[in-house]
Amino acid sequence: MTTATKTKPARASSAQPKDATAMLRADHQAVSELFEQYEKARSSTKKVQLVAQLCQELKVHAQIEEEIFYPAFKQALKDKELIPEATVEHDTLKSLIGQIEGVEPDGEMYDAKVKVLSEYVKHHVKEEQGEIFPKARDSSLDLVALGARLAERKAELLAQ
Ligand SMILES: [Fe+2]
Ligand SMILES: [Fe+2]
């Protein structure tokens, strides 16, 4: 009997093109780590810094999905359900972001908003990674080319 050996995923070098779903997954992971750091943060300064980073990451991520990944997926899969739902979820996310971005952390309501945002992001990520990405991988989409476009647009937005 053979057992599959589990190898640690190799760290992709920046020169290596990441496919679209791998790239978006990496973003999700980075955001989830920032939320974990927020949970542990005690000082307002640290919270402000983490929230600023979170909001920027989330906004840029949502924008590249909406500009590049979602339309490509929608077209390739003739989707009328997953992408419209994900787009509505993005709108809710943006509204939550709007409630905490640039606001001084003033106690429990602020923490509550960050907590709800983190739970909502978790739910949204679950839908993308559980439903949208597997369908994208089974489709005719050129995920490497799409990944390159996402990376290029992300760099452009982060430079602004
Ligand atoms: Fe995403
Ligand atoms: Fe999304």
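A cavity, as the word is used here, is a set of grid points where a 1.4 Å probe fits but cannot get out. With that in hand, here is a walk through a predicted model of one protein chain and its two irons.

The overall layout is easy to take in. The protein chain has five helices and zero strands, so read from the N terminus its elements go α-α-α-α-α. The C-alpha trace stretches over about 50 × 40 × 35 Å along its principal axes. Out of 160 residues in the protein chain, 36% count as buried.

Now for the metals. The iron ion (ligand 1) is held by four donor residues: His 28 and His 61, each through NE2, plus Glu 65 and Glu 128, each through OE, at 2.0 to 2.1 Å. Angles between the four donor atoms around the iron ion (ligand 1) run from 81 to 173°, which makes the arrangement irregular. Tetrahedral would need all angles to lie between 85 and 135 degrees. Along the sequence, the donor residues of the iron ion (ligand 1) follow the spacing H-x32-H-x3-E-x62-E. Two of these donors come from separate helices: Glu 65 sits in helix α2 and Glu 128 in helix α4, so the pair ties together parts of the chain that are 63 residues apart in sequence. Glu 65 and Glu 128 are both buried.

The iron ion (ligand 2) has Glu 65 (OE), Tyr 70 (OH), His 90 (NE2), His 124 (NE2) and Glu 128 (OE) as its donors, at 2.0 to 2.6 Å. The sequence spacing for the iron ion (ligand 2) reads E-x4-Y-x19-H-x33-H-x3-E. Here again distant parts of the chain are linked, with Glu 65 in helix α2 and His 90 in helix α3, 25 residues apart. Like Glu 65, His 90 is buried. Glu 65 turns up at both metals, and it bridges the iron ion (ligand 1) and the iron ion (ligand 2), which lie 3.3 Å apart.

Tyr 70, a donor to the iron ion (ligand 2), also leads into a group of aromatic rings. A search of the whole structure turns up three aromatic pairs. In one of them, the ring centres of Phe 69 and Tyr 70 are 6.5 Å apart and the planes meet at 55°, so the pair is tilted. Both Phe 69 and Tyr 70 are buried. Phe 69 also pairs with Phe 73, with ring centres 6.3 Å apart and planes at 35°, so this pair is tilted too. Phe 69 and Phe 73 are four residues apart in helix α2, and therefore about one helical turn separates them. Phe 73 is buried, as is Phe 69. Taken together, Phe 69, Tyr 70, Phe 73 and Phe 133 make up one aromatic cluster.

Next comes the empty space. Rolling a probe the size of a water molecule over the atoms shows where such space is left. Two cavities of 30 Å³ or more are found in the structure. The largest cavity has a volume of about 130 Å³. Its lining has 15 residues, and those closest to the centre are Leu 58, His 61, Leu 93, Val 121 and His 124. Four helices give two or more residues each to this lining: α1 (20-40), α2 (44-77), α3 (82-100) and α4 (108-137). By class, the lining of the largest cavity splits into seven nonpolar, four polar and four charged residues. One name is familiar from the metals, since His 61 is a donor to the iron ion (ligand 1).

The second largest cavity holds about 60 Å³ of space. Around it are Leu 82, Glu 85, Ala 86, Glu 89, His 124, Glu 127, Glu 128 and Ile 132. Helices α3 and α4 each supply at least two residues of this lining. The lining of the second largest cavity counts three nonpolar, one polar and four charged residues. His 124 and Glu 128 are also among the donors to the iron ion (ligand 2).

Finally, there is an open space to look at. The second largest pocket contains about 200 Å³. Its lining includes His 28, Phe 35, Lys 115, Val 121 and Val 125. Helices α1 and α4 each give two or more residues to this lining, and α1 gives the most, with six. The lining of the second largest pocket divides into four nonpolar, three polar and four charged residues.

Terms used. Residues are numbered from 1 along each chain as its sequence is written. Chains are lettered from A and ligands numbered from 1 in the order in which they are written. This is a predicted model: local features need pLDDT of at least 70, side-chain atom pairs count only at pLDDT 80 or more; totals for chains, interfaces and linings use all residues. Side-chain values use heavy atoms; hydrogens and water are left out. On a 1 Å grid over the protein atoms alone, a cavity is a set of points where a 1.4 Å probe fits but cannot get out, and a pocket is an open set with protein on both sides within 12 Å along at least five of seven lines; lining residues have an atom within 4 Å of a point. Grid points are joined across faces, edges and corners, and a volume is the space filled by probe spheres set on the points. Ala, Val, Leu, Ile, Met, Phe, Trp, Tyr, Cys and Pro count as nonpolar, Asp, Glu, Lys and Arg as charged, and the others, Gly among them, as polar. Donors are N, O and S atoms within 2.8 Å of the metal (3.2 Å for Na, K and Ca); water is not among the atoms, so sites may look incomplete. Buried means under 20% relative accessible area, exposed over 50%, partly exposed in between (1.4 Å probe, protein chains only). Rings of Phe, Tyr and Trp (its six-membered ring) pair if their centres lie within 6.5 Å; planes under 30 degrees apart count as stacked, over 60 as edge-to-face and the rest as tilted. Four donors count as tetrahedral if all angles lie between 85 and 135 degrees; four count as square planar and six as octahedral if opposite donors are over 155 degrees apart and all others between 65 and 115; anything else is irregular.
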